[in-house]
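Q: Please take a close look at one part of this model, its helices and the loops that join them. I would like to know what packs against what, and where the backbone departs from the usual.

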Amino acid sequence: MTGTPGKRRLGQISVAVGAAAVALAARKMAATPSTPTQVRSRALHLLERVLPTSRGFDLELWDGTVIPATRQPAQARLVLRSEQALGRMLRLPADLALGEAYLRGDFDIQGDIGAIAGIADDFDAQLRPADWPGLLNDVQVLKRAAGAVPAPVSVSLEGEQHSRERDRAAIEYHYDVSNDFYKLWLDSHMLYSCAHFSSGQETLEQAQEAKLEYICRKLRLQAGERLLDIGCGWGGLAIYAAQRYGVQVLGVTLSQAQLTEAQERVKAAGLQDRITLELRDYRDVLAAGYEPFDKIASIEMSEHVGRKNMPTYFKTAYAILKPGGLMLNIASSDGIAQARVPMWLQSGNFARKYVFPDGEMLPAWETLKHASEALFEVRDVENLREHYVLTLKHWARRLEAQEAQARPMLGEQRWRLWRLYLGATSYYFQKGHLSLFQSLLAKPDAERAVPLPLTRADLYRA
């Protein structure tokens, strides 16, 4: 800081006086009702100052006024449904306020949700100190017009976070919606995890089957081996591995709906002698008395484990794996931050509150640290985030195509939640804010040997 102490003190007083003046003006305005014309005028003034100068979406006010996209053709349109809408969106943390406003129906999104999800990346407002009083007055008028803000319906979990009982409740909230709902937009294997694309032109069905094959090859499955599938979902991997590779499989899940459907699929495939599926917490597999397994797969399940339970998660897996065995851990991870928006404006809690209660995505380095501390050797790490972009786009299109059936199944708010979740998450993977890591871990034998080939060539054989 430059200048004499006296001058610095005068500057500080000036800032304080300015802030007090703004606050006083805001209090006076709060006592004065605003007319619809004033609300519209304030909304336009605020939006024109803070919207990204480069944006691929139109914004439509409740009276039909349109602020057009600056990149044409527009990929989406954000429609404010009432005078109250914008004021309800102008709360902190911003990501939670915007998400909840969409769930309530304060605004709609027509077209590509990803085009609007990128608003934080594109934010480029250059605001001077002289701009703040006017903008704060805009915000006060709009928030006063919004009135009380009703909260959307969300899950309410009881008990200690990541206890067995609470983890089961969190899983049931997300996965026990309805098997019929998931059948509307997943592939025939009902795989609710990232597919694997070679060219990007594959159908979802082809890419999901390729993913199953890729997992089995990474684990180097051999006939007669025993595979533990942690978080087995609807049984897709268990059935594929038993049919194609001749392994014995134990699959565990916390979702009763998934278990029921998976058991029916195993029976239909005639694989009851090779596949056992149970409603069981991963922490209880070792105590159940099973013999050690040759291989372990955990496909996008560890996000539900939680940071504090990661040591237990990997220690349990290590203990139940044979020496020389392999574990494939696939998990989403935080990526590159949306740096143009100050972090104090964002909470990152919308998904944890409404989509995956108690879910935690750890950075890849931290997951591998926990694995290494459990004595696993990290043998291979692959980031497949581009594959998730394509997977989510397939899911979003398929869900939109089934709106007439899906919407009544879920109810209005949860329908909007799923639409927002799939559309926005695709964008976040595309821009690297989220990543998807496949980590191959090994438990070396007594000689510290691991039966792996010297190259990855076997993974890509025709």
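A: What follows goes through the helices in turn and then the loops, after a few overall figures.

The model is predicted. It has 18 helices and 11 strands, and 50% of its 462 residues count as buried. If contacts with a separation of 6 or more are counted, 75% of them are between residues 24 or more positions apart. The accessible surface of the protein is about 21,400 Å², and carbon and sulfur atoms hold 54% of that area.

Start with helix α2, which runs over residues 36-50 and so has 15 residues. From its first C-alpha to its last, α2 reaches 21 Å, close to the 21 Å expected at 1.5 Å a residue. The buried residues in α2 include V39, A43, L44, L46 and L47. Their cover includes two strands, β1 (57-60) and β2 (66-67), and two helices, α3 (83-89) and α7 (132-146).

A loop residue also belongs in this picture. L127 sits in the loop between α6 (119-122) and α7. With a relative accessible area of 26%, L127 is partly exposed, since partly exposed covers values that are neither under 20% nor over 50%. L127 and V50 are 77 residues apart in sequence, yet their C-alpha atoms are 8.6 Å apart in space. Beyond its neighbours within four places in sequence, L127 is in contact with R49, W132 and L135. Of these contact residues, R49 falls within the range of α2, residues 36-50, while W132 and L135 fall within α7 (132-146).

The loops around β2 and α3 hold two cis peptide bonds. One joins Q72 and P73, with omega about 0°, and P73 lies in the loop between β2 and β3 (76-80). The other joins L92 and P93, with omega about -5°; P93 is in the loop between α3 and α4 (94-104). Most peptide bonds are trans.

The loop with P93 leads to α4, and α4 packs on α18 with their axes 8 Å apart and at an angle of about 130°. That angle makes α4 oblique to α18, because it lies above the 65 to 115 range for roughly perpendicular but is not over 145, where roughly antiparallel begins. The crossing of α4 past α18 is right-handed. On the α4 side, G99, Y102, L103 and R104 take part; on the α18 side they meet Q413, R416, L417, R419 and L420.

Helix α18 is also one of the elements around α16. The 17 residues of α16 (residues 385-401) should span 24 Å at 1.5 Å a residue, and its end C-alpha atoms are 25 Å apart, which agrees. The buried residues in α16 are H387, Y388, V389, T391, L392, H394, W395 and L399. These pack against the helices α9, α10, α17 (403-410) and α18 (412-430), together with the strands β9 (321-334) and β11 (434-442).

Two of those partners, α9 (179-185) and α10 (204-218), are joined by a loop that contains M190. M190 is not a glycine, yet its phi is positive, about 55°. At 2% relative accessibility, M190 counts as buried. Most residues other than glycine have a negative phi.

A second helix pair is α13 (residues 310-319) with α15 (residues 364-373), packed at an angle of about 50° and with 8 Å between their axes. The two are therefore oblique to each other. As α13 passes α15, the crossing is right-handed. Here M310, P311 and F314 in α13 meet T367, H370 and A371 in α15.

After α15 comes the loop to β10 (377-383), where L375 is placed. L375 too is not a glycine and has a positive phi, of about 85°. At 56% relative accessibility L375 counts as exposed, whereas M190 counts as buried.

Notes: Residues numbered from 1 in each chain as written. Predicted model: local features only at pLDDT ≥ 70, side-chain atom pairs only at ≥ 80, totals over all residues. Heavy atoms only, no water. Helix = DSSP H or I, 4+ residues; strand = E, 2+ residues; numbered from the N terminus. Buried < 20%, exposed > 50% of the residue type's maximum accessible area, 1.4 Å probe, protein only. Contact = heavy atoms within 4.5 Å. Areas by Shrake-Rupley, 256 points an atom, 1.4 Å probe, with all protein chains shown as cover. Expected span 1.5 Å × (residues − 1). Axes fitted to C-alpha atoms, helices over the stretch in contact; angles between N-to-C directions. Parallel < 35°, antiparallel > 145°, perpendicular 65-115°, else oblique. Left-handed = near helix turned anticlockwise from the far one by under 90°.
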